[in-house]
Every structure is written in C-alpha cells, then in structure tokens.
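Me: I have a chain to look at and some words to understand. Please take me through them.

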Amino acid sequence: MWTEELFHVKKPIIAMLHLRALPGDPLYPKDGSIDQVIAWAREELTALQDGGVDGVLIANEFSLPYEKKASYLTVASMACIIGAIKRDIRVPFGVNIANNAIATIDLAAATGAAFARNAFTGAYAGRSGILDTDVAEALRRKKYLDLDELKLFFKANPEGTPYITDIPLKENTKSIVFMCNPDALCASGSGAGQEADDQILIEMKAAAGDVPVFANTGCKASNICRKLDLCDGAIVGTALKKDGRFENFTDYERVKEFMDIVKEYRRKL
C-alpha cells in the first residue's frame, strides 16, 4: 500500500496543523501579524513531530466561516506560513484549504506538499449556502501541473454539510473510486472532532476496494485502536489539543500519549 511507502509505517496517523486565523479572516485580530501566526504554527509543528506523528496536514481551520472561493490573500498567507516553517518539517506534509479543492492543489504545487485533502466531489447545502465541486476541473488541474506524485484524499462524506441528494454511502464510495481514482478516502463524523460511526468505516472500507480509507474525524486515545481495526489510518486534530478542545493549541503530552497507544497497537500487527 502506498501509504506505507510514504509514511514508513502501517496505519499512519496524520496530525492536523490548524493554522490560526489568517489576514482577512473574520477571526484575525486587529493587532494580528502573520509573524505571530507563523510562530504559533512552528510551535504546534514541534509538539506534533516530537510527539511522534507520522504526517502533518496543514489547514486553514480557523478561517471561519469558510470561503466558497478562496481569496488570493488566503492562498498567499498559507503559502507564506508553509514556506516559513518548511525547513522544520520532518514528516510528510499535506495541505487543505477548506471548501476549495483547486486552490488546495495549487497550494500543494507551490509548497511541495506530498498529499492534499478536500471535498473533491459532490454538491452540498448548508449554513454557507450551496457548494458545487468540480472534480473534473480539479483532476485536470493536477494533471496540468504535472503533480503525478501528489496523493489526493477525497472526503467521501464531508463533515458538517450534507449532500444535496441522498446518495447511499456504499454507492457514492464506489462511484468516486470508479470515476475519480482517489488515492485515499476519508470517513467523517458530523463535524470537526465528532466521531465517525464504526458502520461508516465498515461500509466505506468494503466499497473502496484497494483504496485506503482513513478515519477523518473524532479519533482519540480511547477509540483509536478500534478505529484502526476498521481502516487504514487516521487524520487527527482536536484530540491532540489541550483538554481535547478544538479552539486550543496542540498539547505535546496528549500527542505523545496518543502515539504511544498507536505504536503499541502497531507492534501487534
């Protein structure tokens, strides 16, 4: 499986590096500076890597509410931050600009990311209105940029915003695999930090064939072994933060505790 080649372990844990609000974001403080955002990102990167994670996914998680079309300022800010911390990155890293698949691919090209995650397929309706993706354009953009080595993680059931049409998970998974050749699929709960039901993982894994399936939300120390029994890896964010709260910063001790459990689990594989 390609995941073992990239991350050098079975069932890798990809940690979320949630960038704080960026210039132009509603939550960006009046006296804020990009240098401060970079400093926070570097501190959290250190905690994640020293704690033993296998990869890092850098995302604009605090750019709330997320843009339907990423502004030049958002993409430029993320590229600036990644460029500033890249020399400190010791594990494979990926990128994710929320709700913006093509901008994510462009950012991956600019920064040399090894993988990217997004909702590449589907049409959704929710609190931010209607989001209509264009997977054909996204994959053609990847081809145009000659990013053959870039691995794409498709959110098969994105958290927080439902599909406009009620497509059964099994059929949707098979369709994504057949039409889009994803490198990996992500199984999500109802929102950031919310656990994906075991049945979702079971159904997605059964329908995915040889495509790796990652638990995308809600993994924590108390359930990670059970989740890894059902899938091929996990993307973890909230559980690695102080007190397990989304708004807090990464906590090295929580990262280490989590990864110690994962490493013990792997020894039994």
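Here are questions about the terms, with replies.

Reply: First, this is a predicted model, in which local features need pLDDT of at least 70 and side-chain atom pairs pLDDT 80 or more, while totals for chains, interfaces and linings use all residues. Residues are numbered from 1 along each chain as its sequence is written, and side-chain values use heavy atoms, without hydrogens and water.

Me: How do you know that the chain agrees with a compact globule?
Reply: The rule for a globule is 2.2 Å times the number of residues to the power 0.38, with the radius of gyration taken over C-alpha atoms. For 269 residues this gives a radius near 18 Å, and the chain has 17 Å, so the two agree.

Me: What share of the chain is called buried?
Reply: Buried means under 20% relative accessible area, with a 1.4 Å probe and protein chains only. Of the 269 residues, 52% are buried.

Me: What makes a set of residues a nonpolar core?
Reply: The members are buried Ala, Val, Leu, Ile, Met, Phe, Trp, Tyr and Cys residues, joined through side-chain atoms within 4.5 Å. The largest such core has 63 residues, and I13, I58 and L185 have the most contacts inside it. Another core, of 13 residues, lies apart from it and includes W2 and I235.

Me: Which residues does I13 contact, leaving aside neighbours within four places in sequence?
Reply: Contact means heavy atoms within 4.5 Å. Among the partners of I13 are V53, I224, F258 and R266.

Me: How many side chains are called positive, and how many negative?
Reply: Lys and Arg count as positive, Asp and Glu as negative; His and the chain ends are not counted. That gives 33 positive and 37 negative side chains.

Technical notes:
Buried < 20%, exposed > 50% of the residue type's maximum accessible area, 1.4 Å probe, protein only. Charge placed at Lys NZ, Arg CZ, Asp CG, Glu CD.
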